[in-house]
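Dear colleague,

Here is the structure I promised to hand over, with the sequence alongside. Please open it first, and then read my notes below with it in view.

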Amino acid sequence: MFAVIKTGGKQYRVAANDVLKIEKLEAQVGEIVQIGAVLAYGEGDKVTFGAPFVDGASVAAEVVEQGKARTVIAFKKRRRQNSRRKIGHRQLLTTVRISEILTDGAKPSKKAEGAPKKAAKEEAVPAAAAPLFKAPKGKADDLTVIKGIGPVAAKDLNEQGITTFAQLAALTDADADKIDAAMPFSADQIKDWREQAKELAQ
């Protein structure tokens, strides 16, 4: 049996045991997620179509891995205008394995591996993740002055302890790699911002 599902604004044709990468789902590795946006399902020539979704149909999938796609770079330059803009995007992805295709409102037969008990889950208080760097004392700089850093990126950097031009200019290649691994920015982006920050920090 196969099904056509919609998730992350994209459509996928899936069957049991298929492994695919989709846009990030908020779930832990080993957890079973249920995707309810089923556009069609069937076997052979017998196919049921939804309008747009099939009532009571869903697809159960096990989360295999949380990761990121390769960085996509967009570079714009205007001739003789001394204007250039370099933007990178690294899409967060979730790798899932399709467990089963469910119809008529059925629930997944497989439970999440190592799922915590309900009582323990209610008592647990998640600890806030520590920022990557220690923010310096004093007034923060407007990081959006740097080409390629918008308000959202500046907010993300501030939350990770990067608040000044001098601090950004002092980042090492190892720091850039650390940011690459923990944030949706590539090491190349950080190095480009670092060079711009060196001029602004003077």
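**Two residues and the whole chain**

Lys21 is exposed, because its relative accessible area is 56%, and a residue counts as exposed when that value is over 50%. Please keep in mind from the start that this is a predicted model, so that everything I describe here is computed from predicted coordinates.

To place this residue, look for strand β3, which covers residues 19–23 and holds Lys21. Leaving out residues up to four places away in sequence, Lys21 touches Tyr12, Leu93, Thr94 and Thr95. If you then look for Ala181, which is 160 residues away from Lys21 along the chain, you will find that the C-alpha atoms of the two are separated by 19 Å.

The second residue to look at is Ser186, which sits in the loop between α4 (173–182) and α5 (187–200). Is Ser186 buried or exposed? Ser186 is buried, because its relative accessible area is 5%, and buried means a value under 20%. Once its neighbours within four places in sequence are set aside, the contacts of Ser186 are with Thr71, Ile73 and Asp180.

Turning to the chain as a whole, you should be able to trace five helices and 10 strands in the protein chain. The C-alpha trace spans about 70 × 50 × 25 Å along its principal axes, and the radius of gyration is 23 Å, whereas a compact globule of 202 residues would have one near 17 Å. Of the 202 residues, 35% are buried, and among the contacts with a separation of 6 or more, 65% join residues that are 24 or more positions apart.

As for the surface, the accessible area of the protein chain comes to about 13100 Å², and carbon and sulfur atoms account for 51% of that area. The chain carries 33 positive and 26 negative side chains, and the centres of these two sets lie 7 Å apart.

Finally, a word on confidence. The average pLDDT of the protein chain is 86, and 91% of the residues score at least 70. Residues 114–123 need separate attention when you look through the model: pLDDT stays under 50 over this stretch, and the model has zero contacts for it beyond four places in sequence. Where pLDDT is low, the predicted coordinates should not be read in detail.

With best wishes

Notes:
Residues are numbered from 1 along each chain as its sequence is written. This is a predicted model: local features need pLDDT of at least 70, side-chain atom pairs count only at pLDDT 80 or more; totals for chains, interfaces and linings use all residues. Side-chain values use heavy atoms; hydrogens and water are left out. Helices (H or I, at least four residues) and strands (E, at least two) are DSSP runs, numbered from the N terminus. The radius of gyration is taken over C-alpha atoms; the globule rule is 2.2 Å times the number of residues to the power 0.38. Buried means under 20% relative accessible area, exposed over 50%, partly exposed in between (1.4 Å probe, protein chains only). Contact means heavy atoms within 4.5 Å. Accessible areas come from the Shrake-Rupley method with a 1.4 Å probe; for residues, only the protein chains shown count as cover. Lys and Arg count as positive and Asp and Glu as negative; His and the chain ends are not counted. The place of a charge is taken as NZ of Lys, CZ of Arg, CG of Asp or CD of Glu. pLDDT is the predictor's confidence in each residue, from 0 to 100.
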